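Q: Please take a close look at the interior of this model, meaning its nonpolar cores and any cavity that a search turns up. Then relate that part to the rest of the chain, with the values given as you go.

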Amino acid sequence: MSEGRAIEVLLVEDDQGDILLTREAFDLNKVRNRLHVVNDGEQAVAFLRREGSYADVPCPDLILLDLNLPRMSGLEVLGEIKADPVLATIPVVVLTTSEAEEDILHSYRLHANAYVTKPVDFDQFIRVVRQIDNFFVTVVKLPAHGYRP
């Protein structure tokens, strides 16, 4: 990935406050990445598989996934992503309020790329988003846009 290329980020989050915080963090950090938002696990799977109203969406380069979702849990979504050879290469950062050891272990067993507990403080939240952005945009080499084996 060349430096400076905007990446497609899928935020899977049902809490409108956290969605707003994430959008603000992207804006404040002057993150050029394009943020797409779905509000439950079933929408996430449909987005990733480009089904129904999501037929024309871009393939995300990075997924920010909450665990506490309606209709299909974040862990179920993570399992679907990592079991699908087309989707498995997309990095998934679990970004959740849960600090439960069982959630952390289960996420890594399902091959999450990172597990981050959401800070409740706005400034800390901004720092976390900046660190995720810096790591996945400037440090990590991601597959070329739209390329999935």
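A: Two residues are in contact when they have heavy atoms within 4.5 Å of each other. The model is predicted, and among its contacts with a sequence separation of 6 or more, 67% join residues 24 or more positions apart.

The layout of the chain comes next. There are 5 helices and 5 strands, and along the sequence they follow the pattern β-α-β-α-β-α-β-α-β-α. Of the 149 residues, 50% count as buried. The accessible surface comes to about 7600 Å², with 52% of that area belonging to carbon and sulfur atoms.

Start with the cores. The largest nonpolar core holds 26 residues, and Leu10, Val12, Val38, Leu48, Ile63, Leu65 and Ile81 have the most contacts inside it. Two or more residues of this core come from each of β1 (8–12), α2 (41–49), β3 (62–65), α3 (74–83) and β4 (92–96). The element that gives the most is α2, with 5 residues. Leu48 shows how far along the chain the contacts reach: with neighbours within four places in sequence set aside, Leu48 is in contact with Leu10, Pro60, Ile63, Ile81, Leu87 and Ile90. A second core, separate from this one, has 22 residues, including Leu11, Ile126, Val129 and Val137.

The cavity is the next part of the interior. Rolling a probe the size of a water molecule over the atoms shows where empty space is left. A search of the whole structure finds 1 cavity of 30 Å³ or more, and the largest cavity has a volume of about 70 Å³. Its lining consists of Ile7, Val9, Phe26, Asn33, Leu62, Leu64, Val129, Ile132, Asp133 and Val137. At least two residues of the lining come from each of β3 and α5 (122–139); α5 supplies the largest share, 4 residues. Val129 and Val137, named above as members of the second core, are among these lining residues. By class, the lining has 8 nonpolar residues, 1 polar and 1 charged. Asp counts as charged, so Asp133 is the charged residue of the lining.

Asp133 also gives a way to leave the interior. Arg32 is 101 residues from Asp133 in sequence, yet their C-alpha atoms are 9.9 Å apart. Arg32 sits in the loop between α1 (16–28) and β2, and Arg32 is classed as exposed because its relative accessible area is 52%. Further on, Arg34 lies in strand β2 (residues 34–38). Its relative accessibility is 40%, so Arg34 counts as partly exposed. Arg34 and Glu8 are separated by 26 residues in sequence and by 5.0 Å in space, C-alpha to C-alpha.

The helix that supplies the largest share of the cavity lining, α5, also contains Asp123. With 47% relative accessibility, Asp123 falls in the partly exposed class. The C-alpha atoms of Asp123 and Ala25 are 9.1 Å apart, although the two residues are 98 positions apart along the chain.

Two loop residues remain, and here the backbone is the point of interest. Most residues other than glycine have a negative phi. Arg50 has a positive phi of about 55° although it is not a glycine. Arg50 belongs to the loop between α2 and β3, and both of those elements give two or more residues to the largest core. The relative accessible area of Arg50 is 39%, so this residue is partly exposed. Arg71 likewise has a positive phi, near 70°, and is not a glycine. Arg71 is in the loop between β3 and α3, and at 58% relative accessibility Arg71 counts as exposed.

To sum up the interior: one core of 26 residues, a second and separate core of 22 residues, and a cavity of about 70 Å³ with 8 nonpolar residues in its lining.

Definitions and conventions:
Residues are numbered from 1 along each chain as its sequence is written. This is a predicted model: local features need pLDDT of at least 70, side-chain atom pairs count only at pLDDT 80 or more; totals for chains, interfaces and linings use all residues. Side-chain values use heavy atoms; hydrogens and water are left out. A nonpolar core is a set of buried Ala, Val, Leu, Ile, Met, Phe, Trp, Tyr and Cys residues joined through side-chain atoms within 4.5 Å. Buried means under 20% relative accessible area, exposed over 50%, partly exposed in between (1.4 Å probe, protein chains only). On a 1 Å grid over the protein atoms alone, a cavity is a set of points where a 1.4 Å probe fits but cannot get out, and a pocket is an open set with protein on both sides within 12 Å along at least five of seven lines; lining residues have an atom within 4 Å of a point. Grid points are joined across faces, edges and corners, and a volume is the space filled by probe spheres set on the points. Accessible areas come from the Shrake-Rupley method with a 1.4 Å probe; for residues, only the protein chains shown count as cover.
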